[in-house]
Amino acid sequence: MIQKFFVVGAMSTAVDYILYSILVYFGVAYYIAIVIGYMTGLLVNFYLARTKVFTKGSRFEKVHHEFLAVFAVSVVAVGLNILIVWALAKVGLDYYSGRAVALVIVFFFNYYARKGFIYVA
């Protein structure tokens, strides 16, 4: 299942990272670009993950409750992204590379949080 989540994650991350990069290129603050990119990727990821990865169903009866739970996990993930990018920037890594590192780390948080709290394994 984690392999499917990886593919879905790669697709939504591509949306997220491309939008993030464009926004940073045009002068938007990295933390705002992270929020905008991540939340756009979240919409792609939510749809694909619930239809292609976690096909056994959700612990929630209503889809909007499921989305709110995924959104809550994503809010924590955005915070982790910002913290990691900030910390890596403090040691001299640029915002693009720092975000790439953060995305890898936060991938595992997202998968296990959703698998453990939102979706039926």
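**Close-up 1. Phe5 and Phe54, two buried rings of a predicted model.** In this predicted model, Phe5 and Phe54 are both buried. A search of the whole structure finds 15 aromatic pairs. For Phe5 and Phe54, the ring centres are 5.8 Å apart and the planes meet at 55 degrees, so this pair is tilted. Phe5 belongs to helix 1 and Phe54 to the loop between helix 2 and helix 3, so the pair ties together parts that are 49 residues apart in sequence.

**Close-up 2. Phe54 and Tyr119, a stacked pair.** Stay with Phe54 and turn to its pairing with Tyr119: these rings are stacked, at 4.3 Å centre to centre and 0 degrees between the planes. Distant parts of the chain are linked here, since Phe54 is in the loop between helix 2 and helix 3 while Tyr119 is in the segment after helix 4, 65 residues apart. Tyr119 is buried, as is Phe54. Both rings are members of one aromatic cluster, made up of Phe5, Phe6, Phe54, Phe107, Phe108, Tyr111, Tyr112 and Tyr119.

**Close-up 3. Asp16 and Arg99, a salt bridge between helix 1 and helix 4.** Here the side chains of Asp16 and Arg99 form a salt bridge, with 2.7 Å from N to O. Asp16 sits in helix 1 (residues 2–25) and Arg99 in helix 4 (residues 95–117), so parts that are 83 residues apart in sequence are tied together. Both Asp16 and Arg99 are buried. Do look at Tyr20 too: Arg99 lies over the face of this ring, 5.0 Å from the ring centre.

**Close-up 4. Arg50 and Glu66, a salt bridge between helix 2 and helix 3.** The whole structure holds 2 salt bridges, and in this one the closest N and O atoms of Arg50 and Glu66 are 3.0 Å apart. The pair links distant parts of the chain, with Arg50 in helix 2 (residues 30–53) and Glu66 in helix 3 (residues 63–90), 16 residues apart. Arg50 has 31% relative accessibility and so counts as partly exposed, whereas Glu66 is buried, with a relative accessible area of 3%.

**Close-up 5. A nonpolar patch on the surface.** Our last stop shows Ile18, Ile22, Tyr25, Phe26 and Tyr96, which together have about 600 Å² of accessible area. Helix 1 gives the largest share of this patch, 3 residues. Phe26 comes from the loop between helix 1 and helix 2. With a relative accessibility of 65%, Phe26 counts as exposed, because the cut-off for that class is over 50%.

Technical notes:
Residues are numbered from 1 along each chain as its sequence is written. This is a predicted model: local features need pLDDT of at least 70, side-chain atom pairs count only at pLDDT 80 or more; totals for chains, interfaces and linings use all residues. Side-chain values use heavy atoms; hydrogens and water are left out. A salt bridge is a side-chain nitrogen of Lys or Arg within 4 Å of a carboxyl oxygen of Asp or Glu. Helices (H or I, at least four residues) and strands (E, at least two) are DSSP runs, numbered from the N terminus. Buried means under 20% relative accessible area, exposed over 50%, partly exposed in between (1.4 Å probe, protein chains only). Patches are made of residues with over 30% relative accessible area and no salt bridge: like charges are joined within 9 Å, nonpolar side chains (Val, Leu, Ile, Met, Phe, Trp, Tyr) within 5 Å. Accessible areas come from the Shrake-Rupley method with a 1.4 Å probe; for residues, only the protein chains shown count as cover. Rings of Phe, Tyr and Trp (its six-membered ring) pair if their centres lie within 6.5 Å; planes under 30 degrees apart count as stacked, over 60 as edge-to-face and the rest as tilted. A charge sits over a ring if NZ of Lys or CZ of Arg is within 6 Å of the ring centre and within 35 degrees of the ring normal.
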